[in-house]
Amino acid sequence: MAAAPSEGRARHPNGAAADFTWLAAAAGGSVAAMTTQARSERPDRPERPGAQEWVPPRADVDALKAAAPGCRGCELWEPATQVVFSAGNPEARIVLVGEQPGDVEDQRGIPFVGPAGQLLQRALDDAGIERRDVYVTNAVKHFRFTQSGKRRIHQTPDVGHVTACRPWVEAELTAVRPELVVVLGATAARSVIGPGVKVTQDRGRVVERELAGVPVRMMPTVHPSSVLRADAEHRQEAYDALVADLRVAAGLLA
């Protein structure tokens, strides 16, 4: 069942659902000391002081987006084309958190507009979730890749990247205050829910975590890219399972 749109929420100019492109338009000292020591002990280690220095306190989504391009919380900002922050309704009832932007997202500056994002958009439609009622973001805000000739090959973020970027995700969730957070894949689950969650075992099950003193329901499922990676024989089955999980999410908002 789709979450009913509430007054004041972002809508497509023509009143119809669309992809996340238009949604994008709608929408401490001791630590430093430890970081300095770690750099001196391991000079070959990339600089990952964490994003907290660049995250404005008590900010809304617009202020967070405006501050994000200046972030130097880890080394991923330098080879990436740009920061890819979020898209969607800043008053959404449901937030989807993915892993990191891909090659297409890195070029366009909008999350979930590449092949995996297009599959996710279709799955949301099939699950009965209005995309205009969704806010989408990633656990890591810059594209991590290795260069192979002219191609940029996706590389999974390290735990250090996830940790460095977590202040942004925490600030976003505090600003949006959703009723439900759907985490897509293991990287997002580690960032938002914490260690110990096994996505393949716990998918579709709701857990509760505290956010700024308020309990928030969270539900893990697979990342849509895993559906694309499935072999042809099992791809439809994998897609149907993702839609089933998203229907659980829709039911929780009914």
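Which helix gives the most to the lining of the largest pocket? In this predicted model, the answer is α9, with 4 residues. The paragraphs below set out the chain as a whole, then the pocket, the salt bridges and one residue of the last helix.

The protein chain contains 10 helices and 8 strands. It has 254 residues, and 48% of them are buried. The accessible surface of the chain amounts to about 12,200 Å². Carbon and sulfur atoms account for 50% of that surface.

The largest pocket encloses about 590 Å³ of space. Its lining is made up of 24 residues. Closest to the pocket centre are E99, A116, H154, H223 and S225. Four helices each supply at least two residues of the lining. These are α4 (103-108), α5 (115-127), α7 (186-192) and α9 (224-229). By residue class, the lining holds 11 polar, 9 nonpolar and 4 charged residues.

Salt bridges were examined next. The structure holds 11 of them. One joins R48 to E75, with the closest N and O atoms 3.0 Å apart. This pair links distant parts of the chain, as the two residues lie 27 positions apart. R48 sits in the loop between α2 (29-41) and α3 (61-67). E75 sits in the loop between α3 and β1 (86-88). R48 is partly exposed because its relative accessibility is 23%, a value between the cut-offs of 20% and 50%. E75 is likewise partly exposed, with a relative accessible area of 24%. R48 and E75 also belong to a network of salt bridges that includes R144 and D158.

A second salt bridge connects R152 with D103. Here the closest N and O atoms are 2.7 Å apart. This pair, too, links distant parts of the chain, with the two positions 49 residues apart in numbering. R152 belongs to strand β5 (residues 151-154), whereas D103 belongs to helix α4. Helix α4 is also one of the helices that supply at least two residues of the pocket lining. D103 has a relative accessibility of 28%, so this residue counts as partly exposed.

In a third salt bridge, the side chains of D125 and R131 meet at 2.4 Å, N to O. Are the two partners buried or partly exposed? D125 is partly exposed, with a relative accessible area of 37%. R131 is buried because its relative accessibility is 10%, and buried means under 20%.

The last residue considered is L252. This leucine is found in helix α10 (residues 232-252). L252 counts as partly exposed because its relative accessibility is 26%. Which residues does L252 touch, apart from those up to four places away in sequence? The contacts are L180, V206 and R217. L180 lies 72 residues from L252 along the chain. The C-alpha atoms of L252 and L180 are separated by 8.0 Å.

How values were computed: Residues are numbered from 1 along each chain as its sequence is written. This is a predicted model: local features need pLDDT of at least 70, side-chain atom pairs count only at pLDDT 80 or more; totals for chains, interfaces and linings use all residues. Side-chain values use heavy atoms; hydrogens and water are left out. On a 1 Å grid over the protein atoms alone, a cavity is a set of points where a 1.4 Å probe fits but cannot get out, and a pocket is an open set with protein on both sides within 12 Å along at least five of seven lines; lining residues have an atom within 4 Å of a point. Grid points are joined across faces, edges and corners, and a volume is the space filled by probe spheres set on the points. Ala, Val, Leu, Ile, Met, Phe, Trp, Tyr, Cys and Pro count as nonpolar, Asp, Glu, Lys and Arg as charged, and the others, Gly among them, as polar. A salt bridge is a side-chain nitrogen of Lys or Arg within 4 Å of a carboxyl oxygen of Asp or Glu. Buried means under 20% relative accessible area, exposed over 50%, partly exposed in between (1.4 Å probe, protein chains only). Accessible areas come from the Shrake-Rupley method with a 1.4 Å probe; for residues, only the protein chains shown count as cover. Contact means heavy atoms within 4.5 Å.
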